[in-house]
Amino acid sequence: MICYLSKNYKGLSSAGNKAKTDIEQIMDRLHYRNVGLRRTFHTNTVLSFFLTLAGVLKTPFSLRKGDILVLQYPLKKYYAFVCNLAHWRGCKVVTLIHDLGSFRRGKLTEKEEIKRLNHSDYIIAHNEVMKKWLDDRHCRAEVGALEIFDYLSSVAPKKYVQGQKPYRVLYAGALNHRKNAFLYEVGEFIHSYRFVLYGSGFECEQARGSQYFEYKGFVPSDQLIGSAEGDFGLVWDGSSASTCAGNWGEYLQYNNPHKTSLYIRCELPIIIWEKAALAGFVRQHQIGICVRSLEELDEILSNLTNEQYQDMKSNVEKVSKQLSEGHYLAAAMEKAFAFLK
């Protein structure tokens with residue numbers, strides 16, 4: 001039997017919780033069995049702690065010899081404990097990575113992270129780049145790749161109305177200086193397109209070329225899928241428009257930003273940094289444009305033909321359907337189970 005451990009999530013406002021609860025829903029569809037308590041969404045910290053702990057303590061009594069337990073990582077202080085319990089019960093463990101603490105947050109050293117992940121029998125990394133990072137650091141578990149995060153929503157994407165240049169580039173997320181200072185300098189290089197911003201914290205009066213920005217404020221993801229105003233979705237992080245710099249920007253070389261999946265579910269072709277781990281996925285499926293710098297984007301979009309845009313649009317609609325069906329998680333899990341048999 002394939003099993004998973006559910007927990008309490010403090011709402012769905014964060015992309016991390018959305019990704020994890022989507023995965024639980026897909027596992028439910030695939031008839032995996034929850035060995036913890038039912039999924040809850042209490043925001044109270046103390047209640048959240050005890051609900052998650054109760055689910056963890058229930059796990060060994062719910063597992064049977066020969067089961068495969070799927071864990072979503074990180075699971076904070078419980079991860080190694082749950083892996084050991086599963087092995088004690090004669091089970092195998094598949095770990096799906098959401099975030100690596102040794103990267104941008106620096107909560108673990110690389111050695112500590114690998115030591116922790118070595119409790120697993122099989123690991124699903126975000127992509128081939130993250131897989132290589134784990135293999136190069138002598139991770140003992142077999143490592144596979146998810147490719148991209150699926151994205152569930154009952155909302156139908158807004159139907160595209162044939163538009164004309166200037167193109168509108170949508171960016172969703174944290175809009176403050178700390179995480180995305182590039183937004184405050186990129187206007188200097190804009191002449192032939194516009195930015196549409198969704199999120200909190202944007203100070204338009206401080207941005208260069210503020211006339212090129214349209215600030216929509218925070219919009220919940222489901223609502224955004226049904227109402228997104230844009231022709232492209234931008235995947236970019238950090239302090240510079242020239243390259244993805246700083247801890248947030250450099251992490252793009254290894255992780256799968258959940259906003260990429262959100263843009264695809266909005267059926268928006270992607271604009272992404274050419275060194276980002278997901279750039280290969282964008283090229284392979286021909287669903288967008290990979291750029292070295294945002295300084296060159298103006299010229300690229302000026303020279304883009306309507307036929308080229310429509311080809312990307314058609315391709316992204318196909319991938320969007322796959323994300324809505326949980327295709328990538330199901331495929332990655334199938335490879336994991338085939339290896340563990």
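## Two cavities, a buried serine and some unusual backbone

Lining the second largest cavity are Ser6, Lys7, Asn8, Leu37, Arg38, Thr40, Leu51, Thr52 and Gly55. This is a predicted model, and the cavity just named has a volume of about 50 Å³. Sorted by class, its lining consists of two nonpolar, five polar and two charged residues.

Let us turn to the other cavity. The count comes to two cavities of 30 Å³ or more, and the largest cavity holds about 60 Å³ of space. Its lining is made up of Leu5, Lys7, Tyr9, Lys20, Glu24, Leu71, Gln72, Pro74 and Leu75. Two elements, α1 (15-29) and β3, each give two or more residues to this lining. By class, five of the lining residues are nonpolar, one is polar and three are charged. If you are following along in the structure, Lys7 is a good place to pause: Lys7 appears in the lining of the largest cavity and also in that of the second largest cavity.

Pro74, which helps to line the largest cavity, is worth a second look for its backbone. The peptide bond from Tyr73 to Pro74 is cis, with omega near 10 degrees. Pro74 itself sits in the loop between β3 (68-73) and α3 (79-88). For context, most peptide bonds are trans, and most residues other than glycine have a negative phi.

That second tendency brings us to two more loop residues. His138 is not a glycine, yet has a positive phi of about 65 degrees. You will find His138 in the loop between α5 (128-136) and β6 (142-145). His138 counts as exposed because its relative accessibility is 65%, and the cut-off for exposed is over 50%. Gln286, likewise not a glycine, has a positive phi of about 55 degrees. Gln286 lies in the loop between α10 (279-285) and β12 (288-291). With a relative accessible area of 53%, Gln286 is exposed too.

Our last stop is Ser120, in the loop between α4 (110-117) and β5 (122-125). Is Ser120 buried or exposed? Its relative accessible area is 5%, so Ser120 is buried, the limit for that label being under 20%. What does the side chain of Ser120 make a polar contact with? The partner is the side chain of Thr95, at 3.0 Å. Thr95 also belongs to a wider set of neighbours: leaving aside residues within four places in sequence, Ser120 is in contact with Tyr79, Val93, Val94, Thr95 and Ala141.

Methods: Residues are numbered from 1 along each chain as its sequence is written. This is a predicted model: local features need pLDDT of at least 70, side-chain atom pairs count only at pLDDT 80 or more; totals for chains, interfaces and linings use all residues. Side-chain values use heavy atoms; hydrogens and water are left out. Helices (H or I, at least four residues) and strands (E, at least two) are DSSP runs, numbered from the N terminus. Buried means under 20% relative accessible area, exposed over 50%, partly exposed in between (1.4 Å probe, protein chains only). A polar contact is a pair of N or O atoms within 3.5 Å; within protein, one must be able to donate a hydrogen and the other to accept it, and residues adjacent in sequence count only if both atoms are side-chain atoms. Contact means heavy atoms within 4.5 Å. On a 1 Å grid over the protein atoms alone, a cavity is a set of points where a 1.4 Å probe fits but cannot get out, and a pocket is an open set with protein on both sides within 12 Å along at least five of seven lines; lining residues have an atom within 4 Å of a point. Grid points are joined across faces, edges and corners, and a volume is the space filled by probe spheres set on the points. Ala, Val, Leu, Ile, Met, Phe, Trp, Tyr, Cys and Pro count as nonpolar, Asp, Glu, Lys and Arg as charged, and the others, Gly among them, as polar.
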